[in-house]
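Dear colleague,

I am passing on to you the structure we spoke of, with the sequence alongside it. Please look through it first, and then read the notes underneath at your own pace.

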Amino acid sequence: MIIRTKNDLEKIREKGLKSLYPGATKISVGMATCGLSTGAGKVYEAIQKEIEKAKVPILLGRTGCIGFCQREPVVDILEPGKPRIFYQGVTSERCGELVQKWLENKVVEDLLFCKMEKEDRILEGSVKDYAVRSVPAGINGTPYYHQVPFYSKQLKIALRNCGFINPDHIEEYVARGGYFSLYRALFEMKPEEIIGEVKRSGLRGRGGAGFPTGNKWDSCRKAKGDQKFILCNADEGDPGAYMDRSILEGDPHSVIEGMIIGAYAIGAQEGFIYVRDEYPLAIQKLKIAIRQAEEAGLLGENILGSGFSLKINLFRGGGAFVCGESTALMASIEGKVGEPRAKHIHTTESGLWDKPSNLNNVETWNNIPVIVSRGADWYSKIGTQGSKGTKVFSIVGKVNNTGLIEVPMGATLREIVYDIGGGVPDGKKFKAVQTGGPSGGCIPESLIDMPVDYDQLTQVGSMMGSGGMIVMDESTCMVDIAKYFMNFLKSESCGKCTSCREGTKRMHEILAEIAEGRGTTDHIDLLKELGWVTAEASLCQLGATAPNPVLSTLRYFRNEYEEHIINKRCPAKVCRALLRYRILSDVCKRCGKCIKVCPAGAITGKAKTKKESGKPFKIDTKKCTRCGMCFEACKFKAIEVE
Amino acid sequence: MEASKIDRIVRQYRAKESAILAILQDIQAEEKYLPKETLESVSQKMRIPMVHVFRIATFYNALSLKPRGRHKIDVCLGTACHVRGGDKILDKMERDLGISVGETTRDKRFTLESVHCVGCCSLGPVAVIDGDVHGRLSQEKVPGLLKDFK
């Protein structure tokens, strides 16, 4: 059906509401990449079989990721008049029980995660009440969704639909307020008004640099030229950040709607979404969403009968980190190698094919419909003075609760790591949080009460980046982390600027020397000098920010560098060349497992049998390759690393 | 690759120069790598100098000039996987398969590669085999994981 009037849109909404709340029991399985990689596909099939077997009118649906990736596969059940319940860690073997118990008005208690009686609809500023009349047995002790520590401090604007709609159903997106902002923008607002609203909202680019979005749009609108482009940067290259993937997989229409509104405001007729090659599912979901939007008359000629036209193309990247840089991304779309150029002339004036081009990140586009719907006044009340709204972070690494979270700007690191993340596992000591990907830095424990926003992060020598937060504990070595990032940057540097190409390579060499115990005290000064040259003499931000991982670790963890250099010790027990594996003879049970797993034949001894007591186990340090296999295999913690 | 197939792919993109990356990706999806003769053929059909086609083919990590095995393993070396021991998983695979990263086993069963983040950071360390993500790996789990691929 082609949507021409607001009434048409309302009809689609009605259809979507029936699909979201069908008046029968509906089971939904989270099937984003994180769910699928833990077996959501099998869970879906198993539930389908159980429903067929039981011959009951239960509906089965798919959704994106609800954020708590660690607890995947997540399955939720919604039955009219009952609270929605969420299960975690579901396996295909337990699906029979899951369906059966529900039919008996009971739940599988050990898989229960949380329950929900109301659902926030941030886009419309409304709440969907499930009108609970009866409660299944056994869920009284289960926390409500907003009581779960992981969710209690979150405010979901960007992730508003993830986990709540089927990304393949445009109707479900419309049912939660989708495309009404577009209608409002096209028929009730002038382009300048939209830009004014975005400016007043204080929205800054979510891709990392934090440039004010409204200002960017304004300069692109004012740029001379009949033909203009809008682009979406979905080349999410920062390792450790995956919010864009989750949004594209769980709510692709939110990005498309934002782009159409932006194109109308700027005066662009064609758009591109540049997606990472490593995200096949996101590409698939976007393809479906673009086709649906075209079929509904929301993309293409004469959108909603407004006279405004826009075509959006999907461009698959080639697996090059540097293509996340605006000019490199545009070169890549033009069919050139993805190398950046100097930006004396901004891309808003001369970008893709030398035409005015406006590039924003996935999360930025996704925020636009909310700003149009709720208004700049509402939006700008959230966040800090210089950073408005919310930010999605992927909280990963050495932390108990890993997943995607969304908090108002200004939340402290402590709230993120401890309250939401649940702290560091295995009783280990928290050491640092790495933010900003390879352009960012490591923030030490002493700054844990720092409010997180663009300016604060820059001040402490890191940056927002796309929102990856990798938590590190005492067993993470800072020299190793610096070396890791430099290895990443040296292989991803496009090679155009000598300072970046050679600077990253030399810094990596020096860090490798230090990690292998051949470091000297002069190395620290040399690293600082190299870092300075690389930053100053490189064209694009890849080179300009490349030294950050080294400089920030040197700033806060200089003692760890000195331990490696002077005492030839790696305090975190990571740098292999400095490690010695040893078997504690008084703890060793002579089970022989380590001998079996050692790939180097470095362990000698004889296993204990019923008749013999065996011979003591020893590691020949000359043969040992320090792979850690024995350490992982030993159940008795008889292997010590020093 | 047969000339007609290359023709079909090139024509699908109307031989537009800007589609060169997409064309090479489509060819690779069928061939698993980019044979030299195919690149020459693309260069002629699109009237793009071979040096440019070659430059594109060597610039992007997703493109390969070397033949690949039946199954492709990508071990994730993103930051989150790194701090949870992703490099040890890669080491273990290298040892078990008897090849270094970037190489293919002699029986053409596996090609081992590494990737910087597949966005499954909460399940790290992870590896992707033929497009399927396997999470929460440990060195011990590697043999069992590889066993099912023939």
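What follows is a description of what was found, beginning with the domains and ending with the contact between the chains.

Please bear in mind throughout that this is a predicted model.

Chain A, by its domain assignment, is divided into domain 1 (16-142), domain 2 (179-379), domain 3 (390-473), domain 4 (478-566) and domain 5 (580-641). Between domain 4 of chain A and domain 5 of chain A, the distance from centre to centre, taken over C-alpha atoms, is 37 Å. For chain B the assignment gives domain 1 (3-59) and domain 2 (71-147), and the C-alpha centres of domain 1 of chain B and domain 2 of chain B are 29 Å apart.

In chain A, a good place to start is the open sheet whose four strands, paired in parallel, follow the order S10-S9-S8-S11 (chain A). Strand S10 (311-316) and strand S11 (357-361) of chain A are its edge strands, each of them pairing on one side only, and from one strand to the next the twist averages 20 degrees. Strand S8 (residues 229-234) of chain A is joined to S11(A) in the parallel sense by five bridges, and A:Cys232 has A:Asn360 as its bridge partner in S11(A). Across S8, strand S9 (270-275), S10 and S11 of chain A lies helix H11 (residues 252-266) of chain A, which runs at about 150 degrees to S8(A).

The largest nonpolar core has 225 residues, and the members that touch the most others are A:Ile260, A:Tyr274, A:Leu298 and A:Ile416. If its neighbours within four places in sequence are left aside, A:Ile260 is in contact with A:Leu182, A:Leu298, A:Leu299, A:Ile303 and A:Leu310. There is also a second, separate core of 15 residues, which includes A:Ile583, A:Cys588, A:Cys594 and A:Phe617. As general background, nonpolar side chains in soluble globular proteins tend to be buried together.

Another pair of strands in chain A deserves your attention. Strand S12 (residues 390-397) of chain A and S13(A) run antiparallel and are joined by six bridges, with a hairpin of five residues leading from S12(A) to S13(A). One of the bridge partners is A:Gly403 in S13(A), which is matched with A:Ile395. Why is strand S13 (residues 403-408) of chain A described as largely enclosed by the rest of the structure? The reason is that six of its six residues are buried. Both faces of S13(A) are covered, since A:Gly403, A:Ile405 and A:Val407 are buried on one side, and A:Leu404, A:Glu406 and A:Pro408 are buried on the other.

Chain B has seven helices and four strands, and from the N terminus on these elements run α-α-α-α-β-α-α-β-β-β-α. Its C-alpha atoms fill a box of roughly 50 × 30 × 25 Å along the principal axes, and 45% of the 150 residues of chain B count as buried. Among the contacts in chain B with a separation of 6 or more, 60% are between residues 24 or more positions apart.

In helix H4 (residues 50-59) of chain B, the residues B:Val53, B:Ile56, B:Ala57 and B:Phe59 are buried, and the buried residues of H4(B) pack against helix H2 (20-31) and helix H3 (36-46) of chain B. Further along, B:Ala127 lies in strand S3 (residues 127-129) of chain B. B:Ala127 has 27 other C-beta atoms within 10 Å and is therefore buried, the cut-off being 20 or more. Apart from its neighbours within four places in sequence, B:Ala127 is in contact with B:Ile73, B:Asp74, B:Val75, B:Cys76, B:Ile89, B:His134 and B:Leu137. The C-alpha atoms of B:Ala127 and B:Glu113, which are 14 residues apart along the chain, are separated by 9.8 Å.

Lastly, where the two chains meet, 44 residues of chain A are in contact with 40 residues of chain B. On the side of chain A that touches chain B, at least two residues each are supplied by helix H2 (33-37), helix H13 (326-333), S12, strand S16 (468-473), helix H18 (478-492) and helix H24 (629-633) of chain A. By class, that side of chain A has 19 nonpolar, 17 polar and eight charged residues.

With best wishes

Note on methods. Residues are numbered from 1 along each chain as its sequence is written. Chains are lettered from A and ligands numbered from 1 in the order in which they are written. This is a predicted model: local features need pLDDT of at least 70, side-chain atom pairs count only at pLDDT 80 or more; totals for chains, interfaces and linings use all residues. A nonpolar core is a set of buried Ala, Val, Leu, Ile, Met, Phe, Trp, Tyr and Cys residues joined through C-beta atoms within 7 Å. A residue is buried if 20 or more other C-beta atoms lie within 10 Å of its own, exposed if 12 or fewer, and partly exposed in between; C-beta atoms are placed from the backbone. Two residues are in contact if their C-beta atoms, placed from the backbone, lie within 7 Å. Two strands pair if DSSP finds at least two bridges between them. Ala, Val, Leu, Ile, Met, Phe, Trp, Tyr, Cys and Pro count as nonpolar, Asp, Glu, Lys and Arg as charged, and the others, Gly among them, as polar. Axes are lines fitted to C-alpha atoms, for helices over the stretch in contact, and angles run from 0 to 180 degrees between N-to-C directions. Domain bounds come from an automatic or database domain assignment.
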